Amino acid sequence: LACLGAFDRVLDQTDLAAHRPSPGHSLERQIRAARAYASLRQGRADEAVRAARENADVAARMGSRHDEALAGFDLGTILLEAGSPAEAARHLAAALDVDGAPIPRALTRLRLAEALVRAGDAGGAQDRGEGPPPAGP
């Protein structure tokens, strides 16, 4: 549905799934992540951030560092798109710091660099080795 741009239908499906009896933490986290991304694509940044924060809360209750890293990647991505680059950078950096986290590492590094630059910390991207190499001979 998301690939077709039917974000309203994605939100309807997440509502249906969320109201099923005890979907389990893993499914609950995925439902909230889907809701966050679909809301963002519909221009509902506040709703997207709220769903991404709920996703991170569920991941924290699960007690898995890998799930927390994935939820942190989602939250960082949503915050970056919603215009909160400094907070986004914190979540993206934390996700990258988890060894073996199931996140797209190259994309996470790219988003972290963008977040740092947009937050006015271009040097921070260089310090983490996330930014482009310095120009020169």
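A pocket, as the term is used here, is an open set of grid points with protein on both sides within 12 Å along at least five of seven lines, and its lining residues have an atom within 4 Å of a point. The exercises below concern a predicted model.

**Exercise 1. Establish which helices line the largest pocket, and describe the chemical character of the lining.**

Solution.

Step 1. The largest pocket has a volume of about 160 Å³.

Step 2. Its lining consists of Ala56, Ala59, Arg65, Glu68, Ala69, Ala71, Gly72, Leu75, His91, Ala94, Ala95 and Val98.

Step 3. Assign these residues to helices. At least two lining residues come from each of helix 3, helix 4 (65-82) and helix 5 (85-96). The greatest contribution is that of helix 4, with six residues.

Step 4. Sort the lining by type. Eight residues are nonpolar, two are polar and two are charged.

**Exercise 2. Describe the overall fold of the chain in terms of its secondary structure, burial and contacts.**

Solution.

Step 1. Count the elements: the chain contains seven helices and zero strands. In sequence order, the pattern reads α-α-α-α-α-α-α.

Step 2. Consider burial. Of the 137 residues in the chain, 39% are buried.

Step 3. Consider how contacts are distributed along the sequence. Taking contacts between residues at least 6 apart, 51% join residues at least 24 apart.

**Exercise 3. Set out the span, the buried residues and the C-terminal boundary of helix 3 and of helix 4.**

Solution.

Step 1. Begin with helix 3, which covers residues 45-62. Its 18 residues reach 26 Å from the first C-alpha to the last, close to the expected 26 Å.

Step 2. List its buried positions: Glu47, Ala48, Val49, Ala51, Ala52, Asn55, Val58 and Ala59. After the helix comes glycine 63, with a positive phi near 80°.

Step 3. Repeat for helix 4. This helix also has 18 residues, and its span of 25 Å is close to the 26 Å expected.

Step 4. Buried residues of helix 4 are Asp67, Ala69, Ala71, Gly72, Phe73, Asp74, Leu75, Gly76, Thr77, Ile78, Leu79 and Leu80. Glycine 83 follows helix 4 and has a positive phi, near 95°.

**Exercise 4. Classify alanine 45 and asparagine 55 by exposure, and identify their contacts.**

Solution.

Step 1. Locate the residues. Alanine 45 is in helix 3, and asparagine 55 is in helix 3.

Step 2. Apply the cut-offs: buried means under 20% relative accessible area, and exposed means over 50%. Alanine 45 is partly exposed because its relative accessibility is 24%. Asparagine 55 is buried because its relative accessible area is 0%.

Step 3. Leave aside neighbours within four places in sequence. Alanine 45 is then in contact with Leu40 and Ala82, while asparagine 55 touches Arg29, Arg32, Ala33, Ala71 and Asp74.

Step 4. Relate alanine 45 to a distant part of the sequence. Leucine 79 lies 34 residues away in sequence, with a C-alpha to C-alpha distance of 8.5 Å.

**Exercise 5. Show how helix 5 is covered, and contrast leucine 96 with leucine 110.**

Solution.

Step 1. Helix 5 has twelve residues and reaches 16 Å between its end C-alphas, close to the 16 Å expected.

Step 2. Its buried residues are Pro85, Glu87, Ala88, Ala89, Leu92, Ala93, Ala95 and Leu96. Helix 3, helix 4 and helix 6 are among the elements that cover them.

Step 3. Leucine 96 belongs to helix 5 and counts as buried because its relative accessibility is 8%. Between its C-alpha and that of threonine 108, twelve residues away in sequence, the distance is 7.2 Å.

Step 4. Leucine 110 belongs to helix 6 and is exposed because its relative accessible area is 56%. Its C-alpha is 9.8 Å from that of leucine 92, and the two are 18 residues apart in sequence.

**Exercise 6. Characterise the largest nonpolar core and the surroundings of one of its residues.**

Solution.

Step 1. The general background is that nonpolar side chains tend to be buried together in soluble globular proteins.

Step 2. In this model, the largest nonpolar core has 24 residues, and Ile78, Ile103, Leu112 and Ala115 have the most contacts inside it. Helix 2 (25-41), helix 3, helix 4, helix 5 and helix 6 (105-118) each provide at least two residues of this core.

Step 3. Examine alanine 115. Not counting residues up to four places away in sequence, alanine 115 touches Leu80, Pro85, Ala88, Ala89 and Leu92.

Conventions: Residues numbered from 1 in each chain as written. Predicted model: local features only at pLDDT ≥ 70, side-chain atom pairs only at ≥ 80, totals over all residues. Heavy atoms only, no water. Helix = DSSP H or I, 4+ residues; strand = E, 2+ residues; numbered from the N terminus. Expected span 1.5 Å × (residues − 1). Buried < 20%, exposed > 50% of the residue type's maximum accessible area, 1.4 Å probe, protein only. 1 Å grid on protein atoms, 1.4 Å probe; cavity = no way out; pocket = protein on both sides within 12 Å on 5 of 7 lines; lining within 4 Å. Points joined across faces, edges and corners; volume = space filled by probe spheres on them. Nonpolar A, V, L, I, M, F, W, Y, C, P; charged D, E, K, R; others polar. Core = buried A, V, L, I, M, F, W, Y, C linked by side-chain atoms within 4.5 Å. Contact = heavy atoms within 4.5 Å.
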